[in-house]
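User: I'm new to reading protein models and could use some help with this one. Can we go through it together, one question at a time?

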Amino acid sequence: MTEEVTAEATGETVGEAKGNALRDLERQVPRLDKSAVRFQVLSEGERGLLGVGFTPARVLAAVSAEQTEPEPAPREDIDESDLARTVREVLTHVTAALGLECRIEIAENDESLTATCTGGDLGILIGKHGQTIDAIQTLVGAIAGGGPEERKEIVVDASDYRARRRSTIESLAISAAQEVVRTGTRVALEPMSAAERKLAHERLADEDGVTTVSEGAEPNRYLVVEPA
């Protein structure tokens, strides 16, 4: 038979009594699943005439001892480098400040480190046109980048945004190149970050009949595709 844990509490109202009982259960049951708690109103209480003879509301809360939230997935960061631990710590603070609950997965090699945030709706982390996640990536790189000789490329990703953005940039670059070849006139793309401009440059490096150049000042620097 499944064991139950109970807590009886009082309050000026039934709602206050329920809150008090719930807090008592939380002290008894680690990782309490609040949605599984059942309440029984033992007394709705009486205020009495002119405040005399007040009787508090009384509530009994019960939950199965097994109704707990699942343990968080263990972090497999035993072998993480100092850089990876720093990136994880910074991102943990940033996502918490944004009110987000997400898992941070880190992949690192000799040239780069990619920190990927997963879980729930991370639109607020990405921001309009990726402006927020790009700013976070710059912040993380500035804090965790290290010295010039040990600096690695640090990428912050969420909900597969980087892959989707890469596909968009490559499509824009190819369309611009085709327009340049067809009309013989230069085509300017939308303002992009340095990393995105580099991606577009590389995508068109082997395209016949076109060349690329960056123009403008940050943060509105953009790529221009022009006849070779």
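User: Let's start with helix H2. Which residues of H2 are buried?

Analyst: Keep in mind that this is a predicted model. Buried here means under 20% relative accessible area. In H2, the residues that count as buried are Leu83, Ala84, Val87, Arg88, Val90, Leu91, Val94 and Thr95.

User: And what covers the buried residues of H2?

Analyst: A helix has a repeat to think about: with 3.6 residues a turn, residues three or four places apart point the same way. As for the cover over the buried residues of H2, it includes helix H3 (123-126), H4 and three strands: S4 (103-108), S5 (112-118) and S6.

User: How far apart are the end C-alpha atoms of H2?

Analyst: H2 runs over residues 82-97, which makes 16 residues. At 1.5 Å a residue, the helix should span 22 Å. The model agrees with that, since the end C-alpha atoms are 23 Å apart.

User: Which residue with a positive phi follows H2?

Analyst: Look just past the helix for a phi near 75 degrees. The residue there is Gly99.

User: How many disulfides does the structure hold, and why?

Analyst: A disulfide needs two cysteine sulfur atoms within 2.5 Å. The closest cysteine sulfur to that of Cys102 is in Cys117, and at 4.3 Å it's too far for a bond. Cys117 is in the matching spot, because its closest cysteine sulfur is the one in Cys102. So the number of disulfides is zero.

User: Is Cys117 buried or exposed?

Analyst: Its partner in that pair, Cys102, has a relative accessible area of 23%, so Cys102 is partly exposed. Cys117 has 0% relative accessibility, so Cys117 counts as buried.

User: On to the largest pocket. Which element gives the largest share of its lining?

Analyst: This pocket holds about 750 Å³ of space. Of the 24 residues lining it, the closest to its centre are Gln137, Glu153, Val155, Ala195 and Glu196. Helix H4 (131-144), strand S6 (153-158), helix H5 (161-183) and helix H6 (194-204) each supply at least two lining residues. The largest share, six residues, comes from H6.

User: How many residues in that lining are charged?

Analyst: Split the lining of the largest pocket by class and you get seven nonpolar residues and six polar ones. The charged residues number eleven.

User: What about the second largest pocket: which elements give it two or more residues?

Analyst: That pocket has a volume of about 290 Å³. Its lining includes His129, Gln131, Asp134, Glu190 and Pro191. The elements giving two or more residues are H4 and strand S7 (187-191).

How values were computed:
Residues are numbered from 1 along each chain as its sequence is written. This is a predicted model: local features need pLDDT of at least 70, side-chain atom pairs count only at pLDDT 80 or more; totals for chains, interfaces and linings use all residues. Side-chain values use heavy atoms; hydrogens and water are left out. On a 1 Å grid over the protein atoms alone, a cavity is a set of points where a 1.4 Å probe fits but cannot get out, and a pocket is an open set with protein on both sides within 12 Å along at least five of seven lines; lining residues have an atom within 4 Å of a point. Grid points are joined across faces, edges and corners, and a volume is the space filled by probe spheres set on the points. Helices (H or I, at least four residues) and strands (E, at least two) are DSSP runs, numbered from the N terminus. Ala, Val, Leu, Ile, Met, Phe, Trp, Tyr, Cys and Pro count as nonpolar, Asp, Glu, Lys and Arg as charged, and the others, Gly among them, as polar. Buried means under 20% relative accessible area, exposed over 50%, partly exposed in between (1.4 Å probe, protein chains only). The expected span of a helix is 1.5 Å times one less than its number of residues. Contact means heavy atoms within 4.5 Å.
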